[in-house]
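User: I should like to learn how to read the features of a protein model, beginning with its strands. Please give the general idea each time and then the case at hand.

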Amino acid sequence: MSAPVVVLIGPMGVGKSTVGRLLADRLGTGYRDTDEDIVTAQGRSVADIFVDEGEAAFRALEKEAVRTALAGHRGVLALGGGAVLDADTRARLAGHHVVYLSMDVEEAVKRTGLNAARPLLAVNPRKQWRELMEARRGLYEEAASVTVATDGRTPEDVAQAVLDAL
Ligand code: S3P
């Protein structure tokens with residue numbers, strides 16, 4: 001069976017795609033990202049899908065995109081920040097090398113700020129970040145085999161820490 005070498009999870013803005021691409025380079029494998037898979041398949045942005053069809057519809061597309069990528073991609077796979085909200089997805093992650101890239105709330109606010117392209121942060125990012133992290137931290141930890149803290153570190157450092165943890 002073909003399976004990802006490593007799956008990256010964690011909140012939006014933590015650097016999953018930057019670190020994921022660095023890792024893929026160093027491992028000599030491909031890089032794939034479920035948000036990109038959804039955007040390609042749907043022909044519109046994540047923000048547009050949220051606005052046009054709502055979050056539940058996006059989550060259904062995401063669940064399917066994760067299932068497909070976990071079954072068919074040998075390389076580095078990054079999941080959207082909310083993918084772990086789905087219990088089936090969390091169960092499906094068992095047995096994979098799943099790395100949780102973490103950051104604290106202040107780092108998250110600093111890195112993402114007000115971000116219209118990220119619909120979950122469009123208003124009052126600090127409050128939304130706090131609520132998001134409280135709701136999701138346990139889910140990330142449950143789904144991950146390893147946690148790598150990213151606060152104050154460069155993407156290169158984080159990629160090296162992930163490699164060391166594999
Ligand atoms: C989301 C994270 C985003 C994207 C969507 C929802 C979330 O992905 O899937 O905006 O719920 O945290 P990234 O983590 O790749 O930004």
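User: On strand β1, which residues are buried on one side and which on the other?

Analyst: In a regular strand the side chains alternate between the two faces of the sheet. A residue is called buried if 20 or more other C-beta atoms lie within 10 Å of its own, exposed if 12 or fewer, and partly exposed in between, with C-beta atoms placed from the backbone. In β1, V6 and L8 are buried on one side, and V7 and I9 are buried on the other, so both faces of the strand are covered. Please bear in mind that this is a predicted model: local features need pLDDT of at least 70, side-chain atom pairs count only at pLDDT 80 or more, and totals for chains, interfaces and linings use all residues. Residues are numbered from 1 along each chain as its sequence is written.

User: How is a strand defined here, and with which strands does β1 pair?

Analyst: Strands of a sheet pair through backbone hydrogen bonds, either parallel or antiparallel. Helices (H or I, at least four residues) and strands (E, at least two) are DSSP runs, numbered from the N terminus. Two strands pair if DSSP finds at least two bridges between them. Strand β1, residues 6-9, is joined to β4, residues 98-102, by three bridges in the parallel sense. β1 also pairs with β3 in the parallel sense, again over three bridges.

User: Which residues stand opposite one another in these pairings?

Analyst: Between β1 and β4, V7 is opposite V98, L8 has V99 as its bridge partner, and I9 has Y100. On the β3 side, L8 stands opposite A78.

User: Is β4 mostly covered or mostly exposed?

Analyst: β4 is mostly covered, as five of its five residues are buried. V98, Y100 and S102 are buried on one side of β4, and V99 and L101 on the other. β4 is also joined to β5 by four bridges, with the two strands running parallel. In that pairing, S102 is opposite A149.

User: In what order do the five strands form the sheet?

Analyst: The order is β2-β3-β1-β4-β5 in an open sheet, and the pairing is parallel. β2 (30-33) and β5 (146-149) are the edge strands, each pairing on one side only. From one strand to the next, the twist averages 25°.

User: Which helix lies across β1, β2, β3 and β4, and how is its angle read?

Analyst: Axes are lines fitted to C-alpha atoms, for helices over the stretch in contact, and angles run from 0 to 180 degrees between N-to-C directions. Helix α1, residues 16-27, lies across those four strands and runs at about 175° to β3 (75-78).

User: Where is M12, and is M12 buried or exposed?

Analyst: M12 is in the loop between β1 and α1. M12 counts as buried, because 21 C-beta neighbours are inside 10 Å. Its C-alpha atom is separated by 10.0 Å from that of L101, although the two residues are 89 apart along the chain.

User: At what angle do helices α3 and α4 pack?

Analyst: Angles under 35 degrees count as roughly parallel, over 145 as roughly antiparallel, 65 to 115 as roughly perpendicular and the rest as oblique. Helix α3 (residues 46-53) and helix α4 (residues 55-72) pack at about 130°, with their axes 7 Å apart. α3 is therefore oblique to α4.

User: Which residues make that contact?

Analyst: Two residues are in contact if their C-beta atoms, placed from the backbone, lie within 7 Å. V46, I49, F50 and E53 of α3 meet E55, A57 and F58 of α4.

User: Which residues does V66 touch?

Analyst: V66 lies in helix α4 and is buried, with 24 other C-beta atoms within 10 Å. Leaving aside residues up to four places away in sequence, V66 touches T34, L79, A83 and T89. The C-alpha atoms of V66 and I38 are 9.7 Å apart, with their positions 28 residues apart along the chain.

User: How many helices and strands are there in the chain?

Analyst: The protein chain has eight helices and five strands, in the pattern β-α-β-α-α-α-β-α-β-α-α-β-α along the sequence. Of its 166 residues, 36% count as buried.
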